[in-house]
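Trainee: I would like a close look at a single part of this model. After that, please walk me through some other parts.

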Amino acid sequence: MSSQVSSTTNSDKPSPSEVDVVVVGAGFAGLYLLHKLRAQGMRTRVFEDASDVGGTWYWNRYPGARCDVESMQYSYSFSEELQQEWQWSERFSGQPEILRYAEHVAERFDLRRDIQFDTTVTAAHFDEERRCWNVETNRGDRVSAQFVIMATGCLSSTRVPDFKGLEKYTGKTYHTGSWPHEGVDFTGQRVGVIGTGSSAIQAIPVMAEQAAHLTVFQRTPNYSIPSRNSAMTPEYEQQWKSDYEAFRDEARKSKNGVLTNPNDVSAMAVSEAERQRVYEARWEEGGTYFMASFNDLATNQASNDTASAFVRDKIRSIVRDVDVAELLAAKDYPIGTKRICVDTSYFETFNRDNVTLVDVRDAPIEEITETGVITGGRSFEFDAIVFATGFDAMTGTLLKIDIQGRGGRTLGEKWEAGPRTYLGLMSEGFPNMFMITGPGSPSVLSNMMVSIQQHVDWVVDGMTYLRSGNLDTIEPVREAEDAWVEHVNEVAHQTLYPQANSWYMGANIPGKPRLFMPYIGGVGTYREECDEIAANGYRGFRLEEARSRKIEAAE
Ligand code: FAD
Ligand code: N01
């Protein structure tokens, strides 16, 4: 392959013009990819928009940000030394600690030297003749690579709704997903928060302690379970560390990649008293484990109704103002079908004198003015507005890149009616381009650390298989992809999930195709399917024999 032009970069050495693999993104997926690819002797260049590693945990620095999968589980399992040496200070760690962990991983495995920060990949075009990807960045880099891997994240394109008049507002604005590094001091300020999803539910209690007054604009109430977060105890840590491999293995085979102690009984199979006892115990235990109270909360409306009603009653018992409590109690979608939230004193926060809840469901935000927000004919003045309005999830970041596959067809054209992938790993017409936790894989329905590592292992194994078999490209066969898309859809519709207007369905973005994007068949089942496909010579994929090498040799 001939050399392409390469530009100067911000790293200590310029980007090479040709590598084996370009990885886009240096979050947990990109970091593990780089480590693993290096071990296979593949020359790899990682491009990252941010100034350092961490992805989600680099960008989402809003007050109260933390994981809701226990830290002993929301961590890498690929290195025994790493998992033994790292110490988490809390059951659910906060963003600063998770970011420190990502930085530690980068240092420990000497990863930064192959990552080019402050660089956005703008284009990736497949060269059919040469069977390689030509990748371009906003800094003028041009790199060609046999493989390109999109480790771009499912929740990495923030979204601010197109509010009329937004540009006129003269106060400060923030988005939870791109929070200032120096933090924000809201002391003495009148603050408006738009949104009541997971991010808002974490941020609101912390901001309410600082602000003079906090006004929360809610369109859809959310079900939230108390986290019962606590300091890590040496006993608990040791319990995990003494048998880490067994725990990790169980997580890999589980439904969601998390050990939730699932109760394999239908909510309808037990008495009302027993149901209440189980819900009460799970509520006290805290966290997303609540959704594992019974085995059919995601699939049986009657069962789900009992869990939804339990949480609504809890809200009513916490929030003193009955009207506010009713507004906060979700009623028109089943619990868990929008992502279940986990909080620390969220509902209690609405008992504070300096917090007001404004319902914008029937009277949407009409306009943002120079000084605040107008809704339902009322105007609110703010020193700062916080947009906790979420992301263009799963597809938004990929579609921002000018990705062109065979015949110059763009990914946007191919995905016009919604994402189409085989296993959430690849899309037909885009050979040698992989996605980590892409649409059509368990992804955001799982402990992402488990799903990220499974994808990275599968992808790197696949690349090694290609190389050892003197093969150039791998690409899904159309029929296999169509069947997978249908399967993903079919499985989703066996559950209650499609009932909610969630970002899983693309419903938070006007005009985005409505279909359930992640694969709900379960992490363990999905892993088996991927492994079986690989073991059968990558069934459903077309593998092309090495031609480029012959051409190169002839040149
Ligand atoms: P990301 O961390 O999103 O990293 C992708 C990176 O790619 C980003 O740094 C981005 O800047 C970069 N990038 C994107 N496009 C380009 C481009 N064109 N050029 C260059 N760089 C690019 N998951 C859980 O399992 N448990 C949790 O408790 C949990 N908590 C979460 C809390 C928050 C606030 C959010 C937003 C998400 C949470 N998630 C959680 C999901 C979380 O996104 C994943 O767990 C995980 O961090 C994703 O890692 P990633 O590397 O795949 O993607
Ligand atoms: O975003 P969201 P998020 N007018 O899309 C509202 C992960 N995460 O950043 O529901 C008024 O959930 C919107 O209202 P509605 C997790 O996977 C995890 O909070 O569309 N309101 C909603 O209330 C999560 O699911 C953690 O009616 C408007 C909110 O904005 C994902 O990231 C923590 C509006 C957006 O909520 C995204 O969470 C944080 C408008 N025009 C994030 N437009 C953990 O704890 C939107 N909204 C693990």
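Is Asp531 buried, partly exposed or exposed?

Mentor: This is a predicted model. Asp531 is partly exposed, because its relative accessible area is 43%, and partly exposed covers what falls between under 20% for buried and over 50% for exposed. Asp531 sits in helix H16, which runs over residues 523–535. Gln454 lies 77 residues from Asp531 along the chain. The C-alpha atoms of Asp531 and Gln454 are 9.9 Å apart.

Now helix H8. H8 covers residues 272–285, 14 in number. At 1.5 Å a residue, H8 should span 20 Å. The end C-alpha atoms of H8 are 20 Å apart, so the expected and modelled spans agree. The buried residues in H8 are Arg275, Val278, Tyr279, Arg282 and Trp283. Around the axis, they cover an arc of only 135 degrees, so they lie on the same side of H8. The buried residues of H8 pack against two elements: strand S10 (224–226) and helix H9 (301–318). Turn to the face of H8 that points away from the buried side: it carries Ala273 and Arg277, which are exposed. After H8 comes Gly286. The phi of Gly286 is positive, near 85 degrees.

Next, the rings. With ring centres required to lie within 6.5 Å, the count comes to 46 aromatic pairs. One of them joins Phe217 and Phe380. Their centres are 5.4 Å apart, with 90 degrees between the planes, and the pair is edge-to-face. Phe217 belongs to strand S9 (residues 213–218), and Phe380 to strand S15 (residues 378–381), so the pair ties together parts that are 163 residues apart in sequence. Phe217 and Phe380 are both buried. Trp503 and Tyr504 form another pair, with ring centres 4.7 Å apart. Their planes meet at 55 degrees, so this pair is tilted. Tyr504 has 3% relative accessibility and therefore counts as buried.

Ring pairs also build a cluster. Its members are Phe28, Tyr32, Trp57, Tyr74, Tyr76, Phe78, Trp86, Trp88, Tyr101 and Phe109.

Last, charges over rings. The charged end of Arg61 sits over the ring of Tyr58, 4.8 Å from the ring centre. Lys338 places its charged end over the ring of Tyr333, 5.7 Å from the centre of that ring.

Definitions and conventions: Residues are numbered from 1 along each chain as its sequence is written. Chains are lettered from A and ligands numbered from 1 in the order in which they are written. This is a predicted model: local features need pLDDT of at least 70, side-chain atom pairs count only at pLDDT 80 or more; totals for chains, interfaces and linings use all residues. Side-chain values use heavy atoms; hydrogens and water are left out. Helices (H or I, at least four residues) and strands (E, at least two) are DSSP runs, numbered from the N terminus. Buried means under 20% relative accessible area, exposed over 50%, partly exposed in between (1.4 Å probe, protein chains only). The expected span of a helix is 1.5 Å times one less than its number of residues. The arc is that of the directions from the helix axis to the C-beta atoms. Contact means heavy atoms within 4.5 Å. Rings of Phe, Tyr and Trp (its six-membered ring) pair if their centres lie within 6.5 Å; planes under 30 degrees apart count as stacked, over 60 as edge-to-face and the rest as tilted. A charge sits over a ring if NZ of Lys or CZ of Arg is within 6 Å of the ring centre and within 35 degrees of the ring normal.
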